[in-house]
Every structure is written in C-alpha cells, then in structure tokens.
Amino acid sequence: MADPMRIRANLVGDSTEVKVLMSHEMETGQRKDAQGKTIPAWFIQEVNATWNGKTVLAAQWGPGVAKNPFVSFKFKGGAKGDKVVINWTDNRGDKRTDEATIA
Amino acid sequence: MNRQRREVLRTGGGLSLLALVTAAGWLRPGEALAADAWNKAAFETNSMDATLKALGAGTPAQSKDVTFFQTPDIAENGAVVPIGITSTVPNTQSIAILVEKNPSTLIAVFDIPPGTEPSLSTRIKMGQTSNVYALVKADGKYYVASKEIKVTLGGCGG
C-alpha cells in the first residue's frame, strides 16, 4: 500500500482550494536499470476528487506526470468541516483513498 | 470473512452510484463509460496530430482565453516542471496537457465538472525543450494555447 496523500482543503471566499500531494514513483517505462533492463511503467492512471459525494475533479494521467504528483484546484461551495475525498488508481491496480476536512 | 460477497457488494454499490449519476443527467451514458476507462489509445500516442485525433479534438482553435500561470520559461529540472492552466472559455469541460516532444505526448486530462473552476496546477516531466499545449474542451469545441519551455536537464531518460 502506498503512502498516504497529503491533502489540504481551505475555504477561500466562496470557493474551496484543494492541494494534493500524492506519493508515487510515476515510473515512465522509458528508463533502464543498471543491467540495461527497462524498468516497467508504473504510474497513477486515474484520480477522482469528491466533495459531499459530488465529483469535483476527475483526471486521467499518463506517465508524464511528475513523480510524487501534485495537483491544485478550486471548486465553488464547501463549508468548514466538510470532507474532500480523493482517490487514485495506478496501472497495477493499486488504489489509495484519503480525505481532508475543509478548514 | 466472505471476500467474494464483499466484492459483489462493492461492485454493486459502484454500479448503482453510476446509474444514479447517469440518471441524474450529470453524465451522458457514453461519457460515464469514457470516464471509467483510462484512455489507453490517447496516452500511447507520440505526436501532436495523433494525440489530437485520439482525443477527437480535430484541429483546435488557438485561443487567448487559455493561459498559463506559474509556468516557467526555463525549467532547470525536466523531471519536475510546474504547469498552471486557466481557461476563461465559457463552459470549460476539460483541460488536457500535451508536450510535443515527450515520448508520449499526452500528459494528463482533467475533467472539470460544473462548479469547479477551470484553473488548476500540477507538475509534469519533460524530456527536452518543447512546446507545451493546454487543450481545452468547452461546449464540445476544442481550444488550444501553447508555450515553449526550455529544459536544461531532461526528466525522461537516465
């Protein structure tokens, strides 16, 4: 199981600003190891963010997203104490779900 | 614990949520399916033309309503290049990031549901100096803006 995400959700005016830092190798499948063997691709493919059960961001990623991916976005609404839930799935089928409380 | 039963329950729950979402009219059935499956064909393309074709974007219109922010002109480290994109095109539905000279052109596609601001930032990898494109889908039409980012140390090889 991968390390937890670090999520921050802050109310800014009438919007919620969400910043997510995920912990993932995001291996491209282009690199070779010391023996010259290709290191297989391993990267997050799908990311979903929900607030009160409503999707606020959905993303599909390729291996071109940087290692330990960072995303920041804003959505209208949200109140202090509401939960923002984020989950990802990688190309090996690993999943991770974490949540943060809007502050 | 009966694992199989749990699996069935979970899958069933997922399905009914999807059905609910579809019924509520947030997503058309086709789109819901598309969102469910990773767009393998598009992510395996390695030229601008092929990627645009795989995304069904045709020839997107150059737009001044799509802008970059917090994006460097020169990236010292191609392994971590910050990219911020804002679209002021009304009804922006999705924002995609494309790097012309990367081994795979398509980096990411972000779906922007109503209520979410069409503005986001992330970090990408770049193998070499290249044009970076922000492809915006709004009202079913495609718009694009580009910016050249010079890379002094590539992030794909090694």
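Which elements does chain A run through from the N terminus on? The elements are β-β-β-β-β-β-β, that is, 7 strands and 0 helices. Keep in mind throughout that this is a predicted model.

## The two chains

Chain B has another make-up, with 4 helices and 9 strands. Read along its sequence, the pattern is α-α-α-α-β-β-β-β-β-β-β-β-β, so to speak helices up front and strands afterwards. Here are the basic figures side by side.

| Chain | Residues | Share buried | Share of contacts (at least 6 apart in sequence) that join residues at least 24 apart |
|---|---|---|---|
| Chain A | 103 residues | 35% | 54% |
| Chain B | 158 residues | 34% | 63% |

As for overall dimensions, the C-alpha atoms of chain A fill a box of roughly 55 × 20 × 20 Å along the principal axes.

## Where the chains meet

On to the interface. Here 28 residues of chain A are in contact with 30 residues of chain B. On the chain A side, β3 (44–51), β4 (54–61) and β5 (70–76) each supply at least two of the touching residues. Sorted by class, that side of chain A has 13 nonpolar, 10 polar and 5 charged residues.

Strand pairing also crosses the boundary. β4(A) pairs with β6 (residues 106–111) of chain B in the antiparallel sense, over 4 bridges. If you want a spot to click on, A:A58 stands opposite B:D111 in β6(B).

## A sheet built from both chains

There is also an open sheet of 6 strands that draws on both chains, in the order β1(A)-β2(A)-β5(A)-β7(B)-β4(B)-β2(B), with antiparallel pairing. Why is one side of β1 (6–12) of chain A and of β2 (66–69) of chain B left without a neighbour in the sheet? These two strands stand at the edges, and each has a single partner strand, so one side of each stays without a neighbour there. From one strand to the next, the twist averages 15°.

Within the chain A part of this sheet, β2 (residues 15–21) and β5(A) run antiparallel and are joined by 7 bridges. One residue pair to look up is A:V18, whose bridge partner in β5(A) is A:F73.

## Inside chain B: strand β5 and its partners

Strand β5 (residues 92–99) of chain B is a good place to start. Of its 8 residues, 7 are buried, so the strand is largely enclosed by the rest of the structure. β5(B) is joined to β8 (residues 130–138) of chain B by 7 bridges, and the two run antiparallel. In that pairing, B:V99 has B:V132 as its bridge partner.

β5(B) also runs antiparallel to β6(B), with 5 bridges joining them. These two strands form a hairpin with 6 residues between them, and B:L98 stands opposite B:L106 in β6(B). Notice that β6(B) is the strand we met at the interface, where it pairs with β4(A).

## The nonpolar core

In soluble globular proteins, nonpolar side chains tend to be buried together. In this model, the largest nonpolar core has 57 residues. Those with the most contacts inside it are B:A96, B:I97, B:A108, B:I124 and B:A134. By element, β8(B) gives the most to this core, with 6 residues.

Which residues is B:A108 in contact with, leaving aside its neighbours within four places in sequence? On the chain A side they are A:A59, A:Q60, A:W61, A:G62 and A:V65. On the chain B side they are B:A96, B:I97 and B:T122. Two of the names on that list, B:A96 and B:I97, also appear among the core residues with the most contacts.

## A helix residue: B:L52

Lastly, a look at the helical part. B:L52 lies in helix α4 (residues 48–54) of chain B. Is B:L52 buried or exposed? With 23 other C-beta atoms within 10 Å, B:L52 is buried, since the cut-off for that is 20 or more. Not counting residues up to four places away in sequence, B:L52 touches B:A57, B:G58 and B:P60. As for the way from here to the core residue B:A108, the two are 56 residues apart in sequence and 13 Å apart in space, C-alpha to C-alpha.

Conventions:
Residues are numbered from 1 along each chain as its sequence is written. Chains are lettered from A and ligands numbered from 1 in the order in which they are written. This is a predicted model: local features need pLDDT of at least 70, side-chain atom pairs count only at pLDDT 80 or more; totals for chains, interfaces and linings use all residues. Two residues are in contact if their C-beta atoms, placed from the backbone, lie within 7 Å. Ala, Val, Leu, Ile, Met, Phe, Trp, Tyr, Cys and Pro count as nonpolar, Asp, Glu, Lys and Arg as charged, and the others, Gly among them, as polar. Two strands pair if DSSP finds at least two bridges between them. A residue is buried if 20 or more other C-beta atoms lie within 10 Å of its own, exposed if 12 or fewer, and partly exposed in between; C-beta atoms are placed from the backbone. A nonpolar core is a set of buried Ala, Val, Leu, Ile, Met, Phe, Trp, Tyr and Cys residues joined through C-beta atoms within 7 Å. Axes are lines fitted to C-alpha atoms, for helices over the stretch in contact, and angles run from 0 to 180 degrees between N-to-C directions.
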